[in-house]
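Here is a quick tour of one protein model, going from a single loop residue out to the whole fold and back into the core. Have a look at the chain first.

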Amino acid sequence: MSDVTENTVDNSPESSTIKTTFTVQEIRELLPHRYPFALVDRIIDYVPGEKAVGIKNVTINEPFFPGHIPPLPIMPGVLIVESMAQVGGIVLSLLPGMKGIFFAFAGIDKVRFRRQVIPGDQLIITMELLTLKRNRIAKMKGQGTVDGELAVQGEMLFSRID
């Protein structure tokens, strides 16, 4: 992982600094998700209006493991996709004029799982904004890797909820 410089946020017109990383506390200020559905631990890279890279640290203490194939704990695919959607939500919530606006996960296309995600893995999720129509419907593409190996990829739709 490369070093990422964190800058402070200054929303004044003359400011040119951009925050590129976000802690779990800062993510909580941007997204409404809470335990057990807060599935992003950190944003390690953010490019305004373009993409975000997030981390989901997968531990055996996750609430779904006792009931999801106990002898072979595997993170459910739907929760991997949800963690991708939450990283996408960071990109959307930080667009100009979108503070406090929620974009709901509205659809998935071309999603493929390439490897299992298990306890001890660190899922690195990259979500890129492809289109935003009338500030209401967004399309993004994303992927998740573990140890540099592709685990999941796909496209997602988001719909603004007023």
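Is Ile69 buried, partly exposed or exposed? With a relative accessibility of 39%, Ile69 falls in the partly exposed class, since that class sits between the cut-offs of 20% and 50%. Keep in mind throughout that this is a predicted model.

## Odd backbone spots

Ile69 is worth a second look for its backbone too: its phi is positive, about 55°, and it is not a glycine. You'll find Ile69 in the loop that runs between β2 (51–57) and α2 (77–93).

Arg134 does something along those lines, with a positive phi near 50° in a residue other than glycine. Arg134 is in the loop between β4 and β5 (137–146), and at 72% relative accessibility it counts as exposed. Then there is the peptide bond between Tyr35 and Pro36, which is cis, with omega at about 5°. Pro36 belongs to the loop between α1 (24–30) and β1 (42–47). Why bother listing these spots? Because most residues other than glycine have a negative phi, and most peptide bonds are trans.

## The fold as a whole

Stepping back, the protein chain is built from two helices and six strands. Reading from the N terminus, the order is α-β-β-α-β-β-β-β. The radius of gyration is 16 Å, close to the 15 Å that the globule rule gives for 162 residues, so the chain is as compact as a globular protein of that length. Along the principal axes, the C-alpha atoms fill a box of roughly 55 × 35 × 25 Å.

Buried residues account for 41% of the 162 residues. If you take contacts between residues at least 6 apart in sequence, 59% of them join residues at least 24 apart. On the outside, the accessible surface comes to about 9100 Å², and carbon and sulfur atoms own 53% of that. As for charge, the chain carries 17 positive and 18 negative charges, and their mean positions are 8 Å apart.

## The nonpolar core

Now for the inside. The largest nonpolar core has 37 residues, and Ile43, Met75, Leu92, Val117 and Phe158 are the ones that touch the most other members. Several elements chip in: β1, α2, β3 (102–113), β4, β5 and β6 (149–161) each supply at least two residues of this core. The top contributor is α2, with nine residues. As background, nonpolar side chains tend to be buried together in soluble globular proteins.

Val117 gives a feel for how this core is wired. Setting aside neighbours within four places in sequence, Val117 is in contact with Val58, Ile74, Met75, Ile80, Leu123, Val146 and Ala151.

## A closer look at Ile125

Which strand holds Ile125? That would be β4, covering residues 122–133. Ile125 has a relative accessible area of 0%, so it counts as buried.

What does Ile125 touch, not counting residues up to four places away in sequence? Its contacts are Ala52, Val53, Gly54, Lys56, Ser83, Met84, Val87, Gln143 and Gly144. Gly54 makes a nice example of a long-range pairing: Ile125 and Gly54 are 71 residues apart in sequence, while their C-alpha atoms are 5.1 Å apart in space.

Conventions: Residues numbered from 1 in each chain as written. Predicted model: local features only at pLDDT ≥ 70, side-chain atom pairs only at ≥ 80, totals over all residues. Heavy atoms only, no water. Helix = DSSP H or I, 4+ residues; strand = E, 2+ residues; numbered from the N terminus. Rg over C-alpha atoms; globule rule 2.2 N^0.38 Å. Buried < 20%, exposed > 50% of the residue type's maximum accessible area, 1.4 Å probe, protein only. Contact = heavy atoms within 4.5 Å. Areas by Shrake-Rupley, 256 points an atom, 1.4 Å probe, with all protein chains shown as cover. Lys, Arg positive; Asp, Glu negative; His and termini not counted. Charge placed at Lys NZ, Arg CZ, Asp CG, Glu CD. Core = buried A, V, L, I, M, F, W, Y, C linked by side-chain atoms within 4.5 Å.
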